[in-house]
Amino acid sequence: MGKVTAVCISENKGTQKKNVGSAVFIENFGIEGDAHAGDWHRQVSLLSNDKVEAFRARGAVVDDGAFGENIKVDGIDFASLSAGTEFKCNDVLLELTQIGKECHSHCEIYKVMGDCIMPREGVFAKVLNGGTISVGDELVVSKKGE
């Protein structure tokens with residue numbers, strides 16, 4: 001079980017996401033108002049807050065959403081899970097579809113730090129059931145992937 005520490009969106013692709021505190025998740029689409037929502041397998045991105053804090057301890061100055069994450073959670077190591085794992089938060093049900101991603105032409109964080117955690121620590125999910133997620137809510141692993 002983990003605790004949601006940030007819920008972030010960006011209205012336009014190519015811009016940094018911002019913590020909006022609470023958002024509506026739409027079944028088979030993603031987050032209302034987020035530029036990356038749509039009918040595909042990477043509707044929502046998740047990142048472990050513990051990994052962000054460890055990166056900050058190395059000197060990185062990063063705000064919520066800096067890695068492009070939609071949801072930041074304390075207490076769950078997302079990269080250790082497998083595709084097919086499901087997460088439940090309130091009425092929202094998410095299915096993990098992809099672990100990590102290839103970094104496109106190195107982001108600003110990489111240019112400053114020589115590293116970025118999203119390609120190896122970030123995960124992506126589809127929205128199986130919609131609802132609202134807010135900072136402070138509990139996110140639980142409801143089913144482990146095969």
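Which backbone oxygen does the side chain of Thr 85 reach at 2.7 Å? In this predicted model, the side chain of Thr 85 reaches the backbone oxygen of Ser 82, and the distance is 2.7 Å. The points below place Thr 85 in its loop, then turn to the pairing of strand S9 with strands S5 and S8, and end with a nonpolar patch on the surface that includes Ile 26.

**Thr 85 and its loop**
- Thr 85 belongs to the loop that runs between strand S6, residues 71-74, and strand S7, residues 86-89.
- The relative accessibility of Thr 85 is 0%, and Thr 85 therefore counts as buried, since that word applies to values under 20%.

**Strand S9 and its partners**
- Strand S9, which covers residues 123-129, pairs with strand S5, residues 44-48, in the antiparallel sense, and three bridges join the two strands.
- Within this part of the structure, Val 123 of S9 has Leu 46 standing opposite.
- S9 also pairs in the antiparallel sense with strand S8, residues 92-99, in this case over six bridges.
- Phe 124, a residue of S9, is the bridge partner of Gln 98.

**A nonpolar patch on the surface**
- Val 24, Ile 26 and Phe 29 together make a nonpolar surface patch of about 200 Å².
- Of these residues, Ile 26 lies in strand S3, which spans residues 22-26.
- Ile 26 counts as partly exposed because its relative accessibility is 31%, a value that falls between the 20% limit for buried residues and the 50% limit for exposed ones.

Notes:
Residues are numbered from 1 along each chain as its sequence is written. This is a predicted model: local features need pLDDT of at least 70, side-chain atom pairs count only at pLDDT 80 or more; totals for chains, interfaces and linings use all residues. Side-chain values use heavy atoms; hydrogens and water are left out. Patches are made of residues with over 30% relative accessible area and no salt bridge: like charges are joined within 9 Å, nonpolar side chains (Val, Leu, Ile, Met, Phe, Trp, Tyr) within 5 Å. Accessible areas come from the Shrake-Rupley method with a 1.4 Å probe; for residues, only the protein chains shown count as cover. A salt bridge is a side-chain nitrogen of Lys or Arg within 4 Å of a carboxyl oxygen of Asp or Glu. Helices (H or I, at least four residues) and strands (E, at least two) are DSSP runs, numbered from the N terminus. Buried means under 20% relative accessible area, exposed over 50%, partly exposed in between (1.4 Å probe, protein chains only). Two strands pair if DSSP finds at least two bridges between them. A polar contact is a pair of N or O atoms within 3.5 Å; within protein, one must be able to donate a hydrogen and the other to accept it, and residues adjacent in sequence count only if both atoms are side-chain atoms.
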